[in-house]
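Biologist: Please take a close look at the salt bridges in this model. I would like to know which parts of the chain they join and how the partners are placed.

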Amino acid sequence: MARALTQSCRRILPYQTPSRWWLEQPLEHSYLLLKTLPDVKSPGIVRFISAQATAPPQARPSAAVKVSLTSPGFVGDPYSPSQPISFWHRCFTRSGWKRTKEEFIAELKSAYAIAKVRRKYGYSKQKFYEETTHLYQEINTLMANGDKRSLRKFVTENMYSALKNEIKHRETVWAHVHWELIMPIVKIRTLRARLIGTDKNDIMRSFIQITLEFLSKQKFEAYDSNGAVVAGDKDKEVLVRDIWVFERSLFHHGSYWRLCGRIKV
């Protein structure tokens, strides 16, 4: 009886271990995005395992079903600024050596990710900066205009949900806003690049995420329902620093760069 009870529970509840999740499903081939393996050693890559469940013959579909991801739904290894340390501390203390090692590994991860996207799409830093600067201007303009419908194609699904809620909240405070980007951009630089893997057997089935810092001059002014100015001044230029994360699939045909996250400064 105990054996029968155990088998019954396994059909109903997923069995979990610290490094793998197995789930029985009525699909012959089901590839699920699961928990990250803790022993991944490849630089800059977050890998996931695939679980394959076998259904009884009467429940099996006539064809295999695959779930295709359009975005991981998170920012892998988010950028955070490091505090400066002195030359003496870096060279003659254990914590300084550790810090130097971590920074060196981080640079290797970024170089590895950039090499993969260059191999796939012929990455050019100048062209990439021009494209992301256009995205930066377009997304901010659409947000200022409250154009949620057009905004969808420039951002990932999770980012769209966050921006849509942000626009709804702003519209409860201000009737409309004026936003303007002063070109050219003062400064743009790459802070980090990472690969987010979806298949442990195929490194190219990954997403590339590149974190950029934008330093730009902008004009902003907000109005109430009567058209009166309640915030900002469109005649004054303000220096603004933003850190945005752009994402692109390495295995979807026709993929393009989209905003997937913003890092608070």
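**Salt bridges and the strands around them**

Modeller: Asp 77, Arg 192 and Arg 194 are linked in a network of salt bridges. The model is a predicted one, and the count of salt bridges in it comes to eight. Within the network, the side chains of Asp 77 and Arg 192 meet at 3.4 Å, N to O. Asp 77 lies in the loop between β3 (45-46) and α2, while Arg 192 lies in strand β4, so this pair ties together parts that are 115 residues apart in sequence. Asp 77 is partly exposed, with a relative accessible area of 37%, whereas Arg 192 counts as buried at 15%.

A second salt bridge joins the side chains of Glu 157 and Arg 258 (3.7 Å, N to O). Because Glu 157 lies in helix α6 (residues 157-173) and Arg 258 in strand β7, the pair ties together parts 101 residues apart in sequence. Glu 157 counts as partly exposed at 41% relative accessibility, and Arg 258 is buried at 13%.

Glu 213 forms a salt bridge with Arg 241, and the closest N and O atoms are 2.3 Å apart. Here the link runs from strand β5 to strand β6, between residues 28 apart. Glu 213 counts as buried at 7% relative accessibility; Arg 241 is partly exposed at 32%.

The two strands carrying this last pair are themselves partners: β5 and β6 (residues 229-249) pair in the antiparallel sense over 16 bridges. Arg 241 in β6 stands opposite Leu 215. The two strands form a hairpin with five residues between them, and Gly 227 in the turn has a positive phi of about 90°. β6 also pairs with strand β7 (residues 258-263), again in the antiparallel sense, over five bridges. There, Ile 243 has Ile 263 in β7 as its bridge partner.

Strand β5 (residues 206-223) also holds Lys 219, a charged residue without such a partner. Lys 219 is buried yet has no salt bridge, and the nearest side chain of opposite charge, Glu 180, is 4.6 Å away. The cut-off for a salt bridge is 4 Å between a side-chain nitrogen and a carboxyl oxygen, so a pair beyond that distance is not counted. Lys 219 does touch several residues further off in sequence, including His 178, Trp 179, Glu 180 and Lys 234.

Strands β4 and β5 are also among the elements that cover the buried residues of helix α3. Those buried residues include Arg 99, Ala 106, Ile 114 and Val 117.

Definitions and conventions:
Residues are numbered from 1 along each chain as its sequence is written. This is a predicted model: local features need pLDDT of at least 70, side-chain atom pairs count only at pLDDT 80 or more; totals for chains, interfaces and linings use all residues. Side-chain values use heavy atoms; hydrogens and water are left out. Helices (H or I, at least four residues) and strands (E, at least two) are DSSP runs, numbered from the N terminus. Buried means under 20% relative accessible area, exposed over 50%, partly exposed in between (1.4 Å probe, protein chains only). Lys and Arg count as positive and Asp and Glu as negative; His and the chain ends are not counted. Contact means heavy atoms within 4.5 Å. Two strands pair if DSSP finds at least two bridges between them. Lists of a residue's contacts leave out its neighbours within four places in sequence.
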